[in-house]
Structures are given as structure tokens and as C-alpha cells.
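Subject: A structure for you to look at

Hello,

I am passing on the structure we talked about, with some notes to help you find your way around. Please open it first and then read on.

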Amino acid sequence: MLGAVAACLAAPAAAEITPTEVRFDNGAVAQSLTGVPGDPAAGAKLLSSRADANCVACHMIAAQPDVAFQGDVGPALDDVASRYSEAQLRGIVANSKLTFAGSVMPSFYKVGGHVRPGDGFTGNPAPADLGPILSAQQVEDLVAYLLTLKP
Amino acid sequence: MRLLSGGVTLAAVLLAGAASADPDPTATLIVNDQIEIATRAPAPDHLKDVFDTVQSGWLYRTEETRALQMDDFDNPAMVFVDLGLEQWDGVDGSEGKSCASCHQGIDSMKGVRASMPKVNPAGNDLWSLENFINACRTQRMGAEEWKWNSDPMKQMTAAISLQSRGMASTIRIDGAAEPYWEQGREIYYTRYGQLELSCANCHEQNAGKMIRADHLSQGQINGFPTYRLKDSGIVSIHGRFVGCIRDTRGEPFKPGSPEFRALELYVASRGMTLPIEGLSVRH
């Protein structure tokens, strides 16, 4: 699934900032990970997709009333763009722990340092070259969508 | 669980903190109109800084699911108990014996489930109920061991667990058991998988909240083995642990592994003030 999404949005690999190259400044990431503007419509879909991002597992979002079973482990995402800048949102999605120390929110654009990582939800051990949960462009799409969430 | 109750819970959480969120403060578990089983109890001493009250997972399920556990005719787990009773009387292995040959009636197993897991007779390992059963099969019956999550094993643990229904836990967490308990606690607070989530992240920090469609309970095991509607079958304690770690995009330990037996002791100790429900129904 992830591969299909990534393939049709793929940016030139050379332009992409890899997970280990991302520069965080107080948790925020100023530079786009791909240089290709994010697609808010794709981001909206990702937010509620069970397979990869599944942000609604933990967040409610009034802008997507059709999505059943929204969780409340984290704060509601409504109006989140009025609380955070683009750089802050990119940082939160890429690695929330650098904004919220010890957060239960997963780090979506991070590689390495996991304890017993699996191969997706199969329960099998992860391959040695396990990539981040989301691709660079998926992070950009989500950020683009989050930026539309304002009063 | 409906979204609505998620909203209600959220309000409760904001007012009272996650630990005291309770989906239904009035529900009482009475089985067959006779056996009242406490589903809330003061937290054990070692957990007092985390919870005031420990609560059975039963309280977090819908009214329909809860009702199934209140009558043995409705409780789908009882079919497996009956199959377990057949195993109990069934001769197996080179010695020509059944469990009943030595233990007589299954009621001789009263209180056994409530004491598990515990340090084995040799004093060199922590054993779950499954280990004791397999020790009798291999060493006393000359029979093959049952796989941890095999049908006969789950049927047998179901039948044995029912004998402890309503009984207080008698597990030991000190003395020889202490190192296992410490190991289990360590595991409980380790953030596993690519999602980096520990048992505590979900079942301690966020008990009472909704994670997608699921109402997060305290993750107690006093109700195990459980009949899970989703699987139409019995789920063992370690089977549930496997599922929870897999859901973190993680690689679970194996059922029956030393890690899961230690975790079983620690998780049991978090609910040691709750009676054994044997056998619960969950969705």
C-alpha cells in the first residue's frame, strides 16, 4: 500500500531528505523533506487510513465526520494550524518526541533505535533495512492537510 | 464501542484523569444470578502510585458483551470447558492414564488458576498453568506435550480456570518469584515495535480512552482465558500479549517464552486484588 502511494507521488530521490538527515530545531523542521509541495487531499486520506498513518486511532477530527471510530488518546486536531507553524507540524509528524518529550505518539519519519521492530503488523521480525513508517512525501502531504485545519 | 461513549469518556478523563475513567460506574457482574464477582478493587500496594482502583476489562465492554458473561448458558466459553472436561477424563500416553486417574474430579483444581504463574517445584523456573499441565503429560502420563495455543491446551486451561471462578488471587511476587516479577515489570514499561508503545502507554496512561474503535481497559488478565467474539474462540493470556505487541508493529515474544511468563506474573500482580473471572467474554 505504502509503495503504491509513494510511487505515484515520488519525488526525485536525490532531493529527498532521509530520516537521518532531518534537521530539528526545537522539534520543528523548517525544510520540506522533498521540495515537492504536499497534497492536502492525499494527506486527508492518510490521516484516517488504517494501514499506515492511522492518526485517527488517537485523534478526533471534526473535519472528517464520515470516519467512524476516532480515538481520543491525543488532542483533537481541529484548528491545529492556528496553534502550530508549518515547521512545527512537520517536526511533530516526523518525530513527535522532539516536541513532546516521551510522547505516546509514534515517530513516523524515523529509522533505527526500535526495540523488536516488526515487519508491519505481521508479527515477523522487521527486515534489516526497515524504512520509516511514512515516506517523505506522505509526511509533506499530511503537513499540507494539517495546515488547512484552522477556524 | 460507539463514538458517543468515547466522547463521554473524554469528558470524564478531562475532569478526573485517565486512571479513574470508568465506562459504567454502576455495572455489577453477577453470574447465573448467584455468583457476584467484584470488577473493581483497591489497587495493590505496588500500584498505588498509578491507580487508586483496578478494574476488570469486563467494565469496558458493551452491555451486550457484558451480558454474555453473566449466564453460563450464554457464555460461549463454556463449550470449551466441556471439551476440556472430556480431555480430563481421556486416557492418553504410554502410561494409560488420564488426568482423572491421579487428580480425581476436576474440582481438585480449585484455586490452581488463582495461584498462577508460580515458581516450579524444582525452584528454578517460573511456570504458567500450561507448563504444569505439560509436565504431567510428559513426565507422568508418557504423553506428548500440547502446544501452548493448541485447542486441547486451551480447553484444559478453560476447564481448570473455571474451578477458580470468584476466588482471590494467591500469586506470590516476593521471594523466589521476585526476579521474574522484576523482569515482567521491565517488559511492561518497554516501548516495543516501530510504533514504540509499551503496555503502560496504552493500559496505564490511557485506560478509559478510545484508541480507534477500542475502549482501552487496564489490560488485566484476571478474566483469562477469554472467549473473544472477534476470533470465535478462546484466547490465552500469551495469545493476547502476542496480539498487543504485534499491534505496535513489533515482533512479539513467543507464547510460553520466559519473557511472556515473567510478563504474565507482573500483569497478574497488577490485578491481584481482583477475583479470578474464569472465563470472561470480550469482543
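A good place to begin is chain A, where the UniProt annotation "domain: Cytochrome c", from an unreviewed entry, covers residues 38-150. Within that span, 27% is helix and 0% is strand, and its end C-alpha atoms lie 17 Å apart. Please keep in mind that this is a predicted model.

Next, have a look at how the two chains meet. Chain A brings 40 residues to the contact and chain B brings 28 residues. Together they bury an area of about 2900 Å², with carbon and sulfur atoms giving 53% of it. Three residues are worth picking out on the chain A side: A:F69, A:D72 and A:R116 supply 26% of the area that chain A buries against chain B, more than any other three residues. The interface also holds 3 salt bridges. In the one between B:E196 and A:K110, the closest N and O atoms are 2.7 Å apart.

Finally, turn to the second largest pocket, which has a volume of about 400 Å³. It is lined by 25 residues, and those closest to its centre are B:H103, B:F132, B:I133, B:C136 and B:R140. Which helices of chain B each supply at least two residues of the lining? They are α4 (99-103), α5 (129-140) and α6 (151-162), and α5(B) gives the largest share, 8 residues. Sorted by class, the lining has 18 nonpolar, 4 polar and 3 charged residues.

Enjoy exploring, and write back with any questions.

Best wishes

Notes:
Residues are numbered from 1 along each chain as its sequence is written. Chains are lettered from A and ligands numbered from 1 in the order in which they are written. This is a predicted model: local features need pLDDT of at least 70, side-chain atom pairs count only at pLDDT 80 or more; totals for chains, interfaces and linings use all residues. Side-chain values use heavy atoms; hydrogens and water are left out. On a 1 Å grid over the protein atoms alone, a cavity is a set of points where a 1.4 Å probe fits but cannot get out, and a pocket is an open set with protein on both sides within 12 Å along at least five of seven lines; lining residues have an atom within 4 Å of a point. Grid points are joined across faces, edges and corners, and a volume is the space filled by probe spheres set on the points. Helices (H or I, at least four residues) and strands (E, at least two) are DSSP runs, numbered from the N terminus. Ala, Val, Leu, Ile, Met, Phe, Trp, Tyr, Cys and Pro count as nonpolar, Asp, Glu, Lys and Arg as charged, and the others, Gly among them, as polar. UniProt positions are given in the numbering used here, feature names are shortened, and annotations may be inferred rather than shown by experiment. Contact means heavy atoms within 4.5 Å. Buried area is the accessible area (1.4 Å probe) that two parts lose on being put together, summed over both. A salt bridge is a side-chain nitrogen of Lys or Arg within 4 Å of a carboxyl oxygen of Asp or Glu.
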